[in-house]
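Q: Could you take a close look at one loop in this model and then work outward from there to the neighbouring parts and the chain as a whole?

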Amino acid sequence: MMLDLSRDINSLSNFKRNTNNFIDRLKETKSPLVLTINGVSELVVQSAEGYQQLLERIEYLETTAGIRQGLNELEKGQAVAAIPALETLKTKLQQPQA
């Protein structure tokens, strides 16, 4: 989903004149389109499917980063045994809020 500067940047005016063509291209490529106003990048338009794929990639990367962080903490001896950690959490959740 790499941005192609020769194809994926267009003026808002051109987008308005050729909306159907751009929608077809967005659906086909799943790649975002940068729209400019007075030569300045202002908006990004993307198909719903392309946006969903982007969200899924972000979720995957965040999950992977969390796992890596946990493994690094484990290697450094910063891990907490599961049962004591869960007991502490249970105690905290049962305390009335001040």
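A: Lys30 sits in the loop that runs between helix H2 (19–29) and strand S2 (33–37), and since the model is a predicted one, what follows describes computed geometry. The backbone of Lys30 has a positive phi of about 60 degrees, although Lys30 is not a glycine. Is Lys30 buried or exposed? Its relative accessibility is 18%, and because buried means under 20%, Lys30 counts as buried.

The loop that follows S2, between S2 and strand S3 (40–45), holds Asn38, and here too a residue other than glycine has a positive phi, near 55 degrees. Asn38 has a relative accessibility of 77%, and it therefore counts as exposed, whereas Lys30 counts as buried.

Strand S1 (residues 9–11) includes Ser11, and if neighbours within four places in sequence are left aside, Ser11 is in contact with Leu35 and Thr36. With 27% relative accessibility, Ser11 counts as partly exposed. The C-alpha atoms of Ser11 and Leu26 are separated by 15 Å, the two residues being 15 apart along the chain.

As for aromatic side chains, a search of the whole structure finds one aromatic pair. The pair is formed by Phe15 and Phe22, whose ring centres are 5.5 Å apart and whose planes stand at 40 degrees, so the pair counts as tilted. Phe15 and Phe22 are both buried.

Turning to the whole chain, the protein has four helices and three strands, which follow one another along the sequence in the pattern β-α-α-β-β-α-α. The radius of gyration of the protein chain is 23 Å, while a compact globule of 98 residues would have one near 13 Å. Taken along the principal axes, the C-alpha atoms fill a box of roughly 65 × 35 × 25 Å. Of the 98 residues, 16% count as buried, and the buried residues include Lys30 as well as Phe15 and Phe22. When contacts are limited to residues at least 6 apart in sequence, 40% of them join residues at least 24 apart.

At the surface, the accessible area of the protein chain comes to about 8000 Å², and 55% of that area belongs to carbon and sulfur atoms. The chain carries 11 positive and 12 negative side chains, and the centres of these two sets lie 3 Å apart.

Technical notes: Residues are numbered from 1 along each chain as its sequence is written. This is a predicted model: local features need pLDDT of at least 70, side-chain atom pairs count only at pLDDT 80 or more; totals for chains, interfaces and linings use all residues. Side-chain values use heavy atoms; hydrogens and water are left out. Helices (H or I, at least four residues) and strands (E, at least two) are DSSP runs, numbered from the N terminus. The radius of gyration is taken over C-alpha atoms; the globule rule is 2.2 Å times the number of residues to the power 0.38. Buried means under 20% relative accessible area, exposed over 50%, partly exposed in between (1.4 Å probe, protein chains only). Contact means heavy atoms within 4.5 Å. Accessible areas come from the Shrake-Rupley method with a 1.4 Å probe; for residues, only the protein chains shown count as cover. Lys and Arg count as positive and Asp and Glu as negative; His and the chain ends are not counted. The place of a charge is taken as NZ of Lys, CZ of Arg, CG of Asp or CD of Glu. Rings of Phe, Tyr and Trp (its six-membered ring) pair if their centres lie within 6.5 Å; planes under 30 degrees apart count as stacked, over 60 as edge-to-face and the rest as tilted.
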